[in-house]
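Reader: I should like to learn how to read the arrangement of chains, domains and helices in a model. Could you guide me through an example?

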There are 2 protein chains.
Amino acid sequence: MEIKKSRKNTFLYLEIAQKIESQIYDGVLATGDKLPSVRILKNEYGVSVSTILQAYYHLESKSLVEPRPRSGYYVVFCSENRPEDPEKTNPKQNAVLGSVTDMIIDFYHHLSNKSLVNLSLGVPSAELLPIAKLNKTMHETIIKLPAGGTYYDNIEGSENLRRQIAQRTLLWGGNLVESDIVITAGCTNALLLALMAVTKAGDTIVVESPVFFGILQLANTLKLRVIELPTDPNYGLDIGALKNLLKVKEINAIVLIPNFSNPTGSLMPDEHKKEIVSIIQQHQIPLIEDDICGEIYYGKKRPSTCKLYDDSGLVMWLGSFSKTLAGGYRIGWIAPGRFKSDIMKLKLYLSSSTTTIQQEAIAGFLSTGRYDYHLRNLRHTFHANSLKYIRAIGDYFPKDTLVSKPKGSFFLWVELNKKIKTKTLYERAKKCNVIFMPGDIFTLQDQYHNCMRLSYAMEWSDEIENGLKKLGSLAKEMM
Amino acid sequence: MEIKKSRKNTFLYLEIAQKIESQIYDGVLATGDKLPSVRILKNEYGVSVSTILQAYYHLESKSLVEPRPRSGYYVVFCSENRPEDPEKTNPKQNAVLGSVTDMIIDFYHHLSNKSLVNLSLGVPSAELLPIAKLNKTMHETIIKLPAGGTYYDNIEGSENLRRQIAQRTLLWGGNLVESDIVITAGCTNALLLALMAVTKAGDTIVVESPVFFGILQLANTLKLRVIELPTDPNYGLDIGALKNLLKVKEINAIVLIPNFSNPTGSLMPDEHKKEIVSIIQQHQIPLIEDDICGEIYYGKKRPSTCKLYDDSGLVMWLGSFSKTLAGGYRIGWIAPGRFKSDIMKLKLYLSSSTTTIQQEAIAGFLSTGRYDYHLRNLRHTFHANSLKYIRAIGDYFPKDTLVSKPKGSFFLWVELNKKIKTKTLYERAKKCNVIFMPGDIFTLQDQYHNCMRLSYAMEWSDEIENGLKKLGSLAKEMM
């Protein structure tokens, strides 16, 4: 390939790259912005495709931009303001029977309050969802189903939907079939069934720390003791800590979110997944793998699962469409491995079948390929949002603020100066119409008082920029 | 009013009544059939309206026909074949921790098998449901709801639906308001929440006997001991037995279906409801009142509830639209009284919100008055079916067969000769494509082996007549 030089005797591609670079430094091009397509720039500069591509490769090598499959190049923030990662957590490792705060119920009420800058959302906001196409599929499904879907479905759930879910396991190398899957009323319901299948009151489970509060609430309701283990904001659970614990303590189940943990967004590497599976097989401990955000990855491919490495049936793989399509449809699933007959009975006893119409509608939506198209957009939006949030936190928050760098999903874990109590910050921010989730909600231990979870599951806007700015200035006042 | 005489010097109205009477005795008019309208007969015989009415009054006085509000006159069976009522049950009263048979899961698979005469149905068959109007309401709701109802609803459920349910409590003298009600994913889910709110593993609950198997399965899952009390097939739970039990045993909750118990169809009289409430208030025992079929009454008015007589908040009143509209919509409710905050938390922890669209669709359906029109038809069909089934059992089953005479809902409790094991009968009948629910499923005690529950939640047909005939002849063979 021939390399063209400009009249100034520098390489053309470098000239172009430098122009873009200065726009990034000047803030004309901001984090998460899409760069012009190769074709447009080629025409604008009157150069070849390969020259433009070289310019982009150059910017990529400097970590200023990054390519996204089938979408083009995007600006990646790399200013000096960029906040550092939080350290690996170091919770106390005693088994606790206890409850997190009751404030969770309030967050459901905030959902419909449009005047709030709601950074507590656990679900994508409506403008990011394919509502028109979902509605169309719902209408078609109601007309198509016998008796309009008024009948009780069978206990394992829609065969069409189970087949679609099974087919998607190919994306991470899985080879599940429809009979490996049981449909549930969302992922919370799947977690309930999984925990009830393998534990009884007084048992002890292991979780990451910080950990999704829903797991802590379920454990307390079922009277299970919880041990939180050290967790890295990049790589998830500390496997060494798990090994040490198992030497001294009998554990009845492990509950993990290996792909984009809630709240840190950590991604457990494949080697760790393999090792965890080998550990649970050795100790014969059931592993409940909550993979609810596994399809919301920012990288090149769908991350794998612990289920992939398990031939013992000890791994229960759980998911849902609540984080990608419609929380209000209440459709999730569980691939229960060796516990299938227990899960089926529990589902029958506790709730009977799952809503008929929504199961078939989602199956229909998936079968058309609309889901994959939608997911591509969702991933791009969330990835860009994560960079924009990190940039804003760097700009507005106290200088010693630490922030996780999620590789998927839509949550940031923010660690503020120890002096700042986020429960107090929450009360103050709420008065300014900004809400988030304080760190206390994500543990049963006396910790994370200076932490928060920020959700970026909505379109970026000036309101959000201003909300983050407000949070930052309130935090600074508390120093 | 002048009374006309015919040429034969008998009264005209008697002549007409005798013609109808002989058609009934000859089987030309069968149990549950609607008699011609007064207008049609008036024209046919060329007599006045009052003459026809006199004929019908005469037949009614002989218990051959009966009027139904806004519908006309129907044939009531009164042949000598009419089977007797079963005796009040007399179960052992020890507290049992145990499970009923696993065959229940099979019944869900039978639901879609059209080649079966399915007398095990727990839900009206599709031809009895207002499918077209429900579908229309679903379409309208999806279009009307923000974001097509993809969002998580709040935890207590749709305000519109709770208001509709609260308004319907006026029908039994209740005065609930929307904040008294929490929506659940069907009545099974409501039962789960109610039991979890007031009991813990190892506790003891009291139920009717025979009792809906779902209650037994839930109790076993939650590790609750169950005491079954003597129950009358007409009047429900034996209150004297309850009083005696409470003198010697501590009870943590009582679960009753006072209106049309499943499986006997018994209706607890108002005086008994009052007395039960007074007993639970005295002993401070929560009462879980499953009123899922309370609107499917055959009498002149909606029966009252225990909730009506309770000012202590100890009664939790439960219902659902599964038995009247759409089991597959998975919408029920609970009026939790003093346990509301516990129920809200449990719902949040175990399942989060309920499916958004179906809640609003049912609220819309109820607000138009379509529901009342539909219920009137449903009650007429089920009442007529109950009489037809009882007639068929009288005709085809062994002579010593006893049958309950339900006053609502759509189940018959049949007690056969002690020699006949209904589990064996079930296996034989299944080979002939007829299924029902054997009595063993409705108890944890060693009893009801000679009993069965028959559902009549579908249009009467020759297939059903032949199915009952087959059951009867198989039973006779087993004597």
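Author: The dialogue below takes up the pairing of the chains, then the domains, one helix and one residue. Please keep in mind that this is a predicted model.

Reader: How are chain B and chain A related?

Author: In general, two copies of a chain are related by a rotation about an axis and a shift along it. Here, chain B is superposed on chain A by a rotation of 179° with 0.1 Å of shift along the axis, and the RMSD is 0.4 Å. The two copies are thus related as by a two-fold rotation axis. In chain B, His139(B) has the C-alpha nearest the axis, 3.2 Å from it.

Reader: How many residues does each chain bring to the contact?

Author: Chain A gives 48 residues and chain B gives 48 residues. Several helices of chain B each supply at least two residues of the side that touches chain A, among them helix 5 (131-144) and helix 12 (340-351). By class, that side of chain B has 26 nonpolar, 20 polar and two charged residues.

Reader: Why may one say that the copies meet through the same surface?

Author: The reason is that 100% of the interface residues of chain B are also interface residues in chain A.

Reader: Which domains does the assignment give for chain A?

Author: Domain 1 covers 12-75, domain 2 joins 104-126 with 372-477, and domain 3 covers 147-369. The C-alpha centres of domain 1 and domain 3 of chain A are 40 Å apart.

Reader: Which residues of helix 16 of chain A are buried, and where do they lie around the helix axis?

Author: The general idea is that an α-helix has 3.6 residues a turn, so residues three or four places apart point the same way. In helix 16 of chain A, the buried residues are Ile464(A), Gly467(A), Leu468(A), Leu471(A) and Ala475(A). Seen down the axis of helix 16 of chain A, these buried residues fall within an arc of 95°, so they line one face of the helix. On the other side of this helix, Asp462(A) and Glu477(A) are exposed. The cover over the buried residues includes helix 14 (370-396) and helix 15 (422-431) of chain A.

Reader: Is Asn262(A) buried or exposed?

Author: Asn262(A) is buried, because 26 other C-beta atoms lie within 10 Å, and the threshold for a buried residue is 20 or more. Asn262(A) is placed in the loop between strand 9 (253-256) and helix 10 (270-283) of chain A. Leaving aside neighbours within four places in sequence, Asn262(A) is in contact with Phe212(A), Ile257(A), Ser409(A) and Phe411(A).

Technical notes
Residues are numbered from 1 along each chain as its sequence is written. Chains are lettered from A and ligands numbered from 1 in the order in which they are written. This is a predicted model: local features need pLDDT of at least 70, side-chain atom pairs count only at pLDDT 80 or more; totals for chains, interfaces and linings use all residues. Two residues are in contact if their C-beta atoms, placed from the backbone, lie within 7 Å. Helices (H or I, at least four residues) and strands (E, at least two) are DSSP runs, numbered from the N terminus. Ala, Val, Leu, Ile, Met, Phe, Trp, Tyr, Cys and Pro count as nonpolar, Asp, Glu, Lys and Arg as charged, and the others, Gly among them, as polar. Copies are superposed by least squares on the C-alpha atoms of residues with pLDDT of at least 70 in both. Domain bounds come from an automatic or database domain assignment. A residue is buried if 20 or more other C-beta atoms lie within 10 Å of its own, exposed if 12 or fewer, and partly exposed in between; C-beta atoms are placed from the backbone. The arc is that of the directions from the helix axis to the C-beta atoms.
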